[in-house]
Amino acid sequence: MAKKILVTGGTGYIGSHTVVELQQAGYETVIIDNLSNSNIGVLDGIEAITGSRPVFVEGDCTDIGTLRRLFEENRGINGIINFAASKAVGESVEKPLMYYRNNLNTLMNLLELMPEYGVEGIVFSSSCTVYGEPDINPIDETAPIKTATSPYGNTKQISEEIITDFINSGAPVRSIILRYFNPVGAHPSSLIGELPRGVPNNLVPYLTQTAAGIRKELTVFGDNYDTPDGSCIRDYIDVVDLAKAHVMAMERMLGENSGGKIEIFNLGTGRGVSVLELISAFEKATGVKVPYRIGERRAGDIEKIWADPAKANSELGWKAEVQVEETMRNAWAWQCRCMKNQD
Ligand code: NAD
Ligand code: UFG
């Protein structure tokens, strides 16, 4: 019988791509999302790609009653992937309580209900933000956790601690914590992708909107860092590669050969790419020029960080495969598709 997975935040950017990969791997999926940062139309995209529509519950994970009803009405959920969270770093500085409430109550409600409904494991979306500015790159999972620089980052650190404490208390659940580096791109079908609201904060959506003429120019935040071309370095991971890692994590967590009650994996390519290199990769892949200028450094930015993904490679059997040019082509195709839909 197909295993049933609850995907919180499943109409969001990474969640929707993961639901596609789960369905294609033979899992049944149930999504809960309050649509605070996504759109119900995403379900059509998932259905068009996979041929089946996930069960969808519109609801808020901070409301334990809503979650309880979901578990009552959808018996036999084997695992959870918890994407539901607020994720804008700047907004979290302005509205810290909203971030702590949303991100932590969501997680605690899920954990509390898992033993009651026999849910065996939870995959949690964490972030390389927990490492702060690394002392050495590439960075592996044993690197020290640095003091968080935003309430958002702190919710990820606290969430990791909550999961660890809960499991160490003897709760009959397992967890895999996935620390994402920088997820970018879109599904190659252009049927799902990232839907930033308002002016994007992140590099790739800002870049594709600039290439499309929606924004006048891209500002490169600083070219005087201690990096080969002076711009910041990140590890850009294709969203479909990232989604596939969740399927492998779920298989491992629910399988016979689970690596223990709690495991942590970095999800990145292992390759650092600068802002200027990413712009070039986009231009090369699409033939479209990106007007940009060099601006001031952005407060709080990390200079350089990229993953050592060896543990995920060897233990999860997962490896990032999509090349950055292909990711940029997919991001551009998605941008073009979004504009066509607005016409
Ligand atoms: P997203 O905003 O596209 O998706 C999150 C989804 O959760 C949205 O659809 C939103 O409507 C929903 N949601 C939020 N709060 C909810 C609640 N209380 N109840 C029900 N639904 C709720 O974000 P994403 O980029 O897909 O990120 C998914 C997860 O990965 C988040 O936990 C995020 O912190 C983490 N993460 C993202 C990145 C990134 O750069 N995108 C990097 C590292 C970690
Ligand atoms: N950048 C620009 N111009 C822009 C936007 C970004 O030059 O208009 C630069 C930034 O300075 C940075 C790089 O592009 O050097 C990437 O910036 P993003 O905002 O896309 O990503 P960050 O690495 O700053 O942060 C993202 C998420 C965080 C998450 C982190 C790690 O926003 O929530 O990745 O996963 F914690």
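Which residue has a backbone N or O atom 3.0 Å from a nitrogen atom of ligand 1? In the predicted model described here, that residue is Cys61. Two further polar contacts to ligand 1 involve side chains. A polar side-chain atom of Asn37 is placed 2.7 Å from an oxygen atom of ligand 1, and an N or O atom in the side chain of Lys87 lies 2.8 Å from an oxygen atom of this ligand. Ligand 1 on its own would expose 820 Å², of which the protein buries 94%.

The shell around ligand 1 comprises 28 residues, and the closest of them are Asp33, Asn37, Ser38, Asn102 and Tyr152. Asn37 thus appears both among these closest residues and in a polar contact through its side chain. By class, the shell around ligand 1 is made up of 14 polar, ten nonpolar and four charged residues. The elements contributing two or more residues to this shell are helix 1 (13-24), helix 5 (96-116), strand 5 (121-127) and helix 6 (151-168). Strand 5 provides the largest share, namely three residues.

The second ligand is surrounded by 22 residues, with Phe181, Leu203, Thr219, Arg234 and Asp301 coming nearest. Two backbone contacts and one side-chain contact to ligand 2 are described here. A polar backbone atom of Thr219 lies 2.7 Å from a nitrogen atom of ligand 2, while a backbone N or O atom of Phe221 is 2.9 Å from an oxygen atom of the ligand. The side chain of Arg298 places an N or O atom 2.9 Å from an oxygen atom of ligand 2. Taken alone, ligand 2 exposes 690 Å², and the protein buries 88% of that area.

Strand 8 (residues 218-221) gives the most to the shell around ligand 2, with four residues. The composition of this shell by class is twelve nonpolar, six polar and four charged residues.

Attention then turns to charged pairs within the protein. Side chains of opposite charge can pair when their charged atoms come close. The model contains 16 salt bridges. One of them joins Arg234 and Asp301, whose closest N and O atoms are 3.5 Å apart. This pair connects distant parts of the chain, since Arg234 belongs to strand 9 (residues 233-234) and Asp301 to the loop between strand 13 and helix 10 (310-316), 67 residues apart. Arg234 is buried, at a relative accessible area of 11%, and Asp301 is likewise counted as buried, at 19%. Both partners are also among the residues that come nearest to ligand 2.

A salt bridge is also formed between the side chains of Arg293 and Glu217, with an N to O distance of 3.1 Å. Arg293 is located in strand 13 (residues 292-295) and Glu217 in the loop between helix 7 (203-211) and strand 8, so this pair ties together parts that are 76 residues apart in sequence. Arg293 is partly exposed, with a relative accessible area of 39%, and Glu217 is partly exposed at 24%.

In the salt bridge between Lys289 and Glu283, the N to O distance is 3.4 Å. Here the two partners fall on opposite sides of the burial scale: Lys289 is exposed, with a relative accessible area of 65%, whereas Glu283 is buried at 18%. Elsewhere, salt bridges with shared partners join Asp44, Glu47 and Arg53 into one network.

The final element considered is helix 7. Eight of its nine residues are buried, so helix 7 is largely enclosed by the rest of the structure. The buried residues are Leu203, Val204, Pro205, Leu207, Thr208, Gln209, Thr210 and Ala211. One of these, Leu203, is also among the residues nearest to ligand 2. The buried residues of helix 7 pack against two helices, helix 9 (275-286) and helix 11 (324-342), and against strand 7 (182-184), strand 8 and strand 10 (236-238). Strand 8 therefore has a part in two settings, because it packs against the buried residues of helix 7 and gives the most to the shell around ligand 2. Just after helix 7, Gly213 adopts a positive phi of about 85°.

Terms used: Residues are numbered from 1 along each chain as its sequence is written. Chains are lettered from A and ligands numbered from 1 in the order in which they are written. This is a predicted model: local features need pLDDT of at least 70, side-chain atom pairs count only at pLDDT 80 or more; totals for chains, interfaces and linings use all residues. Side-chain values use heavy atoms; hydrogens and water are left out. A residue is near a molecule or strand if one of its heavy atoms lies within 4 Å of it. A polar contact is a pair of N or O atoms within 3.5 Å; within protein, one must be able to donate a hydrogen and the other to accept it, and residues adjacent in sequence count only if both atoms are side-chain atoms. Accessible areas come from the Shrake-Rupley method with a 1.4 Å probe; for residues, only the protein chains shown count as cover. Ala, Val, Leu, Ile, Met, Phe, Trp, Tyr, Cys and Pro count as nonpolar, Asp, Glu, Lys and Arg as charged, and the others, Gly among them, as polar. A salt bridge is a side-chain nitrogen of Lys or Arg within 4 Å of a carboxyl oxygen of Asp or Glu. Buried means under 20% relative accessible area, exposed over 50%, partly exposed in between (1.4 Å probe, protein chains only). Contact means heavy atoms within 4.5 Å.
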